[in-house]
Amino acid sequence: MSIRVAIAGPRGKMGAEAVHTVMKHDKMELVAVLDYKEVGKTLADLEMFPASYTAPIFTDMSELVEATAPDVLVDLTSPHAVYKHTKEALNLNVRPVIGTTGFTDEQLVELSAIAKEKELGCIIAPNFAIGAILMMKFAKEAAKYLPDVEIIEMHHDQKLDAPSGTAVKTAQLIQEVRAQKMQGHPEEKETLKGARGAELDGMRIHSVRLPGLVAHQQVLFGGDGQLLTIRHDSLNRNSFMSGVAFCVEEVMKMDQLVYGLENII
Ligand SMILES: NC(=O)C1=CN([C@@H]2O[C@H](COP(=O)(O)OP(=O)(O)OC[C@H]3O[C@@H](n4cnc5c(N)ncnc54)[C@H](O)[C@@H]3O)[C@@H](O)[C@H]2O)C=CC1
Ligand SMILES: O=C(O)C1=N[C@H](C(=O)O)C[C@H](O)C1
């Protein structure tokens, strides 16, 4: 029995890759896509997809679900839309697999409660790439011994949110093993606002945005006479696709919300 998949954001850099991934997968069927404006009746109407891609395009989640009954919604849209999409999907008994970043802590708590009440699987994964998950796990381990940490995340210059969801998740994992600690000289002054980057529990996070980049992060740990650097580079968006497919299959077996792929690999 194929898993019935809907994708929100099919024309995006990630969404288009996910469309191809689901279309090629022998255990999945792409039953619909969700866009934010009328762009055609089916994906075949879009030049970016072949004529064989006949999934219908909707702009309303309820209509999509009523017409196509998806098991899973993959969201790869925007920080402005993702909370609404995730809540709508849960309330319509569709399992969200969310790659889109930019949730607030309060939104995560609320969505987790809805998933628990409905006993429905939901995966929110700031990063689907196995290398990035390993980077975050290694960083958590390193922070036990080297608590002075600065994260430098680097992305293409079309990214809407900063810091990245991966950088925030990395810092959150580190917080689990690192006591709050301010870093740098106690009397340091920024002569140019923002020079020391974002601050989270005393850790610093710096966001680089440049054309030519895809998704890159290094976690720097400073110690006496040494520096440990843990780095991951996504060179193209194929790096995320096995994680997307894994989550679509995994979410079917779950009855609650999981935040972060490190909790299920
Ligand atoms: N979890 C992961 O491994 C990864 C997550 N991301 C995240 O995925 C999101 C999308 O990234 P990109 O594909 O690079 O962005 P993008 O801007 O290329 O694509 C976003 C797409 O969503 C569409 N969209 C915007 N609002 C919408 C709405 N209300 N309903 C339906 N579609 C809507 C846009 O038309 C666009 O086609 C970002 O939040 C990014 O941080 C990106 C790469 C990997
Ligand atoms: O916007 C992107 O491209 C990415 N966003 C995610 C994030 O915010 O962590 C994942 C990856 O870094 C690519």
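These legends describe close-up views of a predicted model and its two ligands.

**Reading the legends.** In this predicted model, local features need pLDDT of at least 70, side-chain atom pairs count only at pLDDT 80 or more, and totals for chains, interfaces and linings use all residues. Residues are numbered from 1 along each chain as its sequence is written, chains are lettered from A and ligands numbered from 1 in the order in which they are written, and side-chain values use heavy atoms, with hydrogens and water left out.

**View 1. The residues around ligand 2.** The shell consists of T101, P126, N127, H155, H156, K159, S164, G165, T166, A215 and F240. A residue belongs to it if one of its heavy atoms lies within 4 Å of the ligand. Three of these residues are nonpolar, seven are polar and one is charged. Here Ala, Val, Leu, Ile, Met, Phe, Trp, Tyr, Cys and Pro count as nonpolar; Asp, Glu, Lys and Arg count as charged; the others, Gly among them, count as polar.

**View 2. Polar contacts of ligand 2.** A polar contact is a pair of N or O atoms within 3.5 Å; within protein, one must be able to donate a hydrogen and the other to accept it, and residues adjacent in sequence count only if both atoms are side-chain atoms. The side chain of H155 places an N or O atom 2.6 Å from an oxygen atom of ligand 2. For the side chain of H156, the distance to a ligand oxygen is 3.0 Å. A polar side-chain atom of K159 is 2.7 Å from an oxygen atom of ligand 2. On its own, ligand 2 has 320 Å² of accessible area, and the protein covers 85% of it. Such areas come from the Shrake-Rupley method with a 1.4 Å probe; for residues, only the protein chains shown count as cover.

**View 3. The largest pocket and the annotated site.** Ligand 2 takes up space in the largest pocket, and ligand 1 sits in the largest pocket too. A pocket is found on a 1 Å grid over the protein atoms alone: it is an open set of points where a 1.4 Å probe fits, with protein on both sides within 12 Å along at least five of seven lines, and its lining residues have an atom within 4 Å of a point. A molecule sits in a pocket if more than half of its atoms lie within 2 Å of its grid points. An unreviewed UniProt entry annotates H156, G165 and T166 as "binding site". From this set, H156, G165 and T166 are in the lining of the largest pocket.

**View 4. Ligand 1 and its contacts.** Ligand 1 is surrounded by 21 residues, and the closest are K13, M14, T101, A125 and F128. By class, its shell has nine nonpolar, eight polar and four charged residues. A polar backbone atom of G12 is 3.1 Å from an oxygen atom of ligand 1. A nitrogen atom of the ligand is 3.0 Å from a polar backbone atom of P126. The side chain of K159 has an N or O atom 2.9 Å from an oxygen atom of ligand 1. Taken alone, ligand 1 exposes 860 Å², and the protein buries 81% of that.

Terms used: UniProt positions are given in the numbering used here, feature names are shortened, and annotations may be inferred rather than shown by experiment.
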